[in-house]
Amino acid sequence: MGLQENLKKDLVSELATREPVTASPTDTVRCAVERMRERHLGAVVVIDEEKNPIGMFTEGMLKKRLLDGSFQSILDDPLADCMDPDFDSVRAS
C-alpha cells in the first residue's frame, strides 16, 4: 500500500517515518544544508527553545534564493531570515 492509502486508514503516529531534521532559528542556512545532506532529506524543521516547530526551510527555498542571485551571503544568513513560518503540518493523532 502507498502513503495515500495508509493515511486514509492509519494515524500518522503509526506510519513508518524518520525523525525530522531540526535546527534553531539562529542556525545558519549553511548549517541547515549540512544537516539535510547528512540525513538525505530535503527540509529542516525550525524549532524554538521548547522544541515547538516555528518554521520550515527546504531545498526548494535554497534553490530559489540562489537563482535570485543571493548566493553571496545566503549560506551565512540565519534561518529566521529564510524560513517559512506558514508551513503545513499534521498532528500525530
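**Exercise 1: the sheet**

Three strands build an open sheet, arranged in the order 1-2-3 with mixed pairing. The model you are looking at is predicted. Your task: find which strands are the edge strands, and how strand 2 and strand 3 run.

*Solution.*
- Step 1. Look for strands that pair on one side only: these are strand 1 (22-23) and strand 3, the edge strands.
- Step 2. Now turn to strand 2 and strand 3, which run antiparallel and are joined by five bridges.
- Step 3. To see the pairing up close, find V46, which stands opposite G55 in strand 3.

**Exercise 2: helix 2 and its neighbours**

Your task: list the buried residues of helix 2 and say what they pack against.

*Solution.*
- Step 1. A residue counts as buried when its relative accessible area is under 20%. In helix 2, this picks out V29, C31, A32, V33 and M36.
- Step 2. Next comes the spacing. An α-helix has 3.6 residues a turn, so residues three or four places apart point the same way.
- Step 3. Follow the buried residues of helix 2 to their partners: strand 2 (43-47), strand 3 (53-58) and helix 3.
- Step 4. Finally, step just past the end of helix 2, where H40 takes a positive phi of about 55 degrees.

**Exercise 3: the salt bridges**

Your task: find how many salt bridges the whole structure has, and describe each pair.

*Solution.*
- Step 1. Searching the whole structure gives three salt bridges. The cut-off is a nitrogen-oxygen distance within 4 Å.
- Step 2. Begin with D27 and R35, whose closest N and O atoms are 3.2 Å apart. D27 counts as buried because its relative accessibility is 18%, while R35 is partly exposed at 29%.
- Step 3. Move on to R30 and D76, a salt bridge with its closest N and O atoms 3.1 Å apart. This pair links distant parts of the chain: R30 sits in helix 2 (residues 29-39) and D76 in the segment after helix 3 (59-67), 46 residues apart. R30 is partly exposed, with a relative accessible area of 35%.
- Step 4. Finish with R65 and D77, where the closest N and O atoms are 3.9 Å apart. R65 belongs to helix 3 and D77 to the segment after helix 3, so this salt bridge ties together parts 12 residues apart in sequence. With a relative accessible area of 26%, R65 is partly exposed.

Definitions and conventions. Residues are numbered from 1 along each chain as its sequence is written. This is a predicted model: local features need pLDDT of at least 70, side-chain atom pairs count only at pLDDT 80 or more; totals for chains, interfaces and linings use all residues. Side-chain values use heavy atoms; hydrogens and water are left out. A salt bridge is a side-chain nitrogen of Lys or Arg within 4 Å of a carboxyl oxygen of Asp or Glu. Buried means under 20% relative accessible area, exposed over 50%, partly exposed in between (1.4 Å probe, protein chains only). Helices (H or I, at least four residues) and strands (E, at least two) are DSSP runs, numbered from the N terminus. Contact means heavy atoms within 4.5 Å. Two strands pair if DSSP finds at least two bridges between them.
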